[in-house]
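Let's take a look at how a few helices sit together in a protein model. Have the picture open as you read.

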Amino acid sequence: MAELPGGGARLPELLATGWRLWEEVDAGTEPSSGAPAVQEKVRQGLGALRQAAAMVAELELFSENEELEEVASADLRYLAVPALLGALTLRQVDASRRREHLEAARAHFCRFLQLCRAYGLSAAPPPAHTAAPGAEEEEEEEKKEAGGTGARGPAAQRSLLAMAAGRQAKIERYKQKKELENRLASMRTFVDSGQADEDQMREFYLLQIQKWVNISFEEIESIDHEMVILRNRDAAKQSSAPPHGTSRQVRAPLKPFILTRDVVQSKVFGAGYPSLPTMTVNDWYDQRRREEAMHGQSAPQKPSDTADEELQKQQQEKKEEEDDEEALKKARDWDDWKDTHPRGYGNRQNMG
């Protein structure tokens, strides 16, 4: 049932390996999802789960024409193989192949939801693909036309109803997700210890599948939003890229100008300030730099004899000040007086 005649790894081992690697990647122990150790786990997990998916298809464990009661309890866990493949595919960080990874992950999630719906584990069908480029513009034009002809009410009402339904579905999925996590946590101890019987194992696998149903809907919605962003980015790059063989021309700076309500009014009342600018800031800066350069070249140089005479004159004045005995005596007396009379001496502030 779970092993091909060709030998090699058994199906339970492949599923357990892929599931364990997914839990390690999802736990986020590494600082970045692009770390080599994380990407190596993603690569190994994808390899194990792809082998498991091929074995499930070859063994024909599931069919959309059978009932859930016809599936063995031990085989129910293999329903989650496409969902695990989609989750690990999203963890690849190759930017050049991001759109390819998104499309592959979406296909895995949709395949999982189709199987679950066939077995009655999911009531809602997989979400349809997002609108192709250009469909959004057509929808906007239809809305504008409807608004102009007075039929805006029904279209707006349908949009509001769709938004309200989507919001309510998210709330229900969130509540169901929390409830499933609590029930899975309480049952995991019995399953891991081997004390659970067949009915408990079946219930445990069904709860895990229900959890992945909610995750798949959330991931598909996230994928559709990211695909729209990638399409808009590519469209912006194509529109901003210059045509092939053309070079960007350098345009001359614009002359300053003023906008007035009327030419006659501007002539009579003026511009509102002294005058219009006649040059840009860069032109003024270039003109000042040229003038300073010309002034520096034409400035007369002082002869060295004049500088020597001024230096000798300063030295003579300094020498005369040092030789003045009266000035020296006065400075020394002032220093002595300060030694015996501290600052504020004799100032009694009218205290008597």
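Helices H3 and H7 lie oblique to each other, because an angle of about 40 degrees is neither under 35 degrees nor in the 65 to 115 range. Keep in mind that this is a predicted model. The axes of H3 and H7 are 11 Å apart, and H3 passes H7 in a left-handed crossing.

Who meets whom here? On the H3 side you'll find Ala83, Leu84, Ala87 and Leu90, and they meet Trp212, Ser216, Glu219 and Ile223 of H7. Sorted by class, that contact has six nonpolar residues, one polar and one charged.

Stay on H3 for a moment and find Thr89, which is part of this helix. Is Thr89 buried or exposed? Its relative accessible area is 4%, so Thr89 is buried, the cut-off being under 20%. Leaving out residues up to four places away in sequence, Thr89 touches Leu46, His101, Ala104, Ala105 and His108.

Now move to H1, which covers residues 11–27. Its 17 residues should span 24 Å at 1.5 Å a residue, and its end C-alpha atoms are 24 Å apart, so the two agree. Buried residues in H1 include Leu11, Pro12, Trp19 and Trp22. Just after H1, Gly28 takes a positive phi of about 70 degrees.

What covers the buried residues of H1? The cover includes these helices:

| Helix | Residues |
|---|---|
| H2 | 36–59 |
| H3 | 81–90 |
| H7 | 198–240 |

So H3 and H7, the pair from the start, turn up again as part of the cover over H1.

Conventions:
Residues numbered from 1 in each chain as written. Predicted model: local features only at pLDDT ≥ 70, side-chain atom pairs only at ≥ 80, totals over all residues. Heavy atoms only, no water. Helix = DSSP H or I, 4+ residues; strand = E, 2+ residues; numbered from the N terminus. Expected span 1.5 Å × (residues − 1). Buried < 20%, exposed > 50% of the residue type's maximum accessible area, 1.4 Å probe, protein only. Contact = heavy atoms within 4.5 Å. Axes fitted to C-alpha atoms, helices over the stretch in contact; angles between N-to-C directions. Parallel < 35°, antiparallel > 145°, perpendicular 65-115°, else oblique. Left-handed = near helix turned anticlockwise from the far one by under 90°. Nonpolar A, V, L, I, M, F, W, Y, C, P; charged D, E, K, R; others polar.
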